Amino acid sequence: MPEVYCEMPEELAAEKDIVSGDKVIIENARGTVHAVAIVTKRFKPFTCKGKTVYEIGIPSNFARDGIAYGDPGNILVGYVADGNTKQAEQKAFNVRLRKA
């Protein structure tokens, strides 16, 4: 895939009127990522305290130069590291997703 992408469940895509190949914007207070939508069966919605919650997938690091291009997903989250190992723990965070 030559552009940064965003995988999402079919249910979320239907709710947002998004199909595979559409341009989408993923944003929060820290930044904005422009990506290509990939609608997939791999992600399923789940329920938390009676509310439907969706999960999406984006690459955390993505090339800025060369054959591939796009915004890195890690601009949407601050650096948080495990106190013992110093390994990044920024695997889950809230974002807004919309069709570009």
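**Exercise 1. Find how E2 and E3 pair, and how many bridges hold them.**

Start with the direction: E2 and E3 are antiparallel partners, and six bridges link them. This is a predicted model, by the way. Next, look at the connection: a hairpin of two residues takes you from E2 to E3. Now pick one pair across the strands: valine 24 sits opposite alanine 35 in E3.

**Exercise 2. Work out which other strand E2 pairs with, and in which sense.**

Move to strand E6, residues 96–99: four bridges tie E6 to E2, and the two run antiparallel. To see one facing pair, go to isoleucine 25, which stands opposite arginine 98 in E6. Finally, check how covered E2 is: five of its six residues are buried, so count E2 as mostly covered.

**Exercise 3. Decide whether E1 is largely enclosed or open, and find how E1 pairs with E3.**

Begin with burial: E1 is largely enclosed by the rest of the structure, because four of its five residues are buried. Then turn to pairing: E1 and E3 run parallel, joined by five bridges. For a facing pair, take proline 9, which has threonine 40 in E3 opposite.

**Exercise 4. Pick out the residues of the largest nonpolar core that touch the most other members, and the elements that supply it.**

First, the members: this core has 13 residues, and those touching the most other members are Cys6, Met8, Ile18, Val24, Ile26, Ala35 and Leu97. Second, the elements: strand E1 (5–9), helix H1 (10–16), strand E2 (23–28) and strand E3 (31–40) each give two or more residues. E3 gives the most, with three. As background, nonpolar side chains in soluble globular proteins tend to be buried together.

Third, zoom in on leucine 97. Setting aside residues up to four places away in sequence, leucine 97 touches Cys6, Met8, Leu12, Lys16, Ile18, Val24, Ile25, Ile26 and Ile56.

**Exercise 5. Is aspartate 22 buried or exposed, and what does it touch?**

Locate the residue: aspartate 22 is in the loop between H1 and E2. Now test burial: the cut-off for buried is under 20% relative accessible area. Aspartate 22 has 18%, so it counts as buried. Look at its side chain next: one of its polar atoms lies 2.9 Å from the backbone nitrogen of valine 19. Last, list the contacts: without its neighbours within four places in sequence, aspartate 22 meets Asp17, Ala35, Val36, Ala37 and Lys99.

Notes: Residues are numbered from 1 along each chain as its sequence is written. This is a predicted model: local features need pLDDT of at least 70, side-chain atom pairs count only at pLDDT 80 or more; totals for chains, interfaces and linings use all residues. Side-chain values use heavy atoms; hydrogens and water are left out. A nonpolar core is a set of buried Ala, Val, Leu, Ile, Met, Phe, Trp, Tyr and Cys residues joined through side-chain atoms within 4.5 Å. Buried means under 20% relative accessible area, exposed over 50%, partly exposed in between (1.4 Å probe, protein chains only). Contact means heavy atoms within 4.5 Å. A polar contact is a pair of N or O atoms within 3.5 Å; within protein, one must be able to donate a hydrogen and the other to accept it, and residues adjacent in sequence count only if both atoms are side-chain atoms. Two strands pair if DSSP finds at least two bridges between them.
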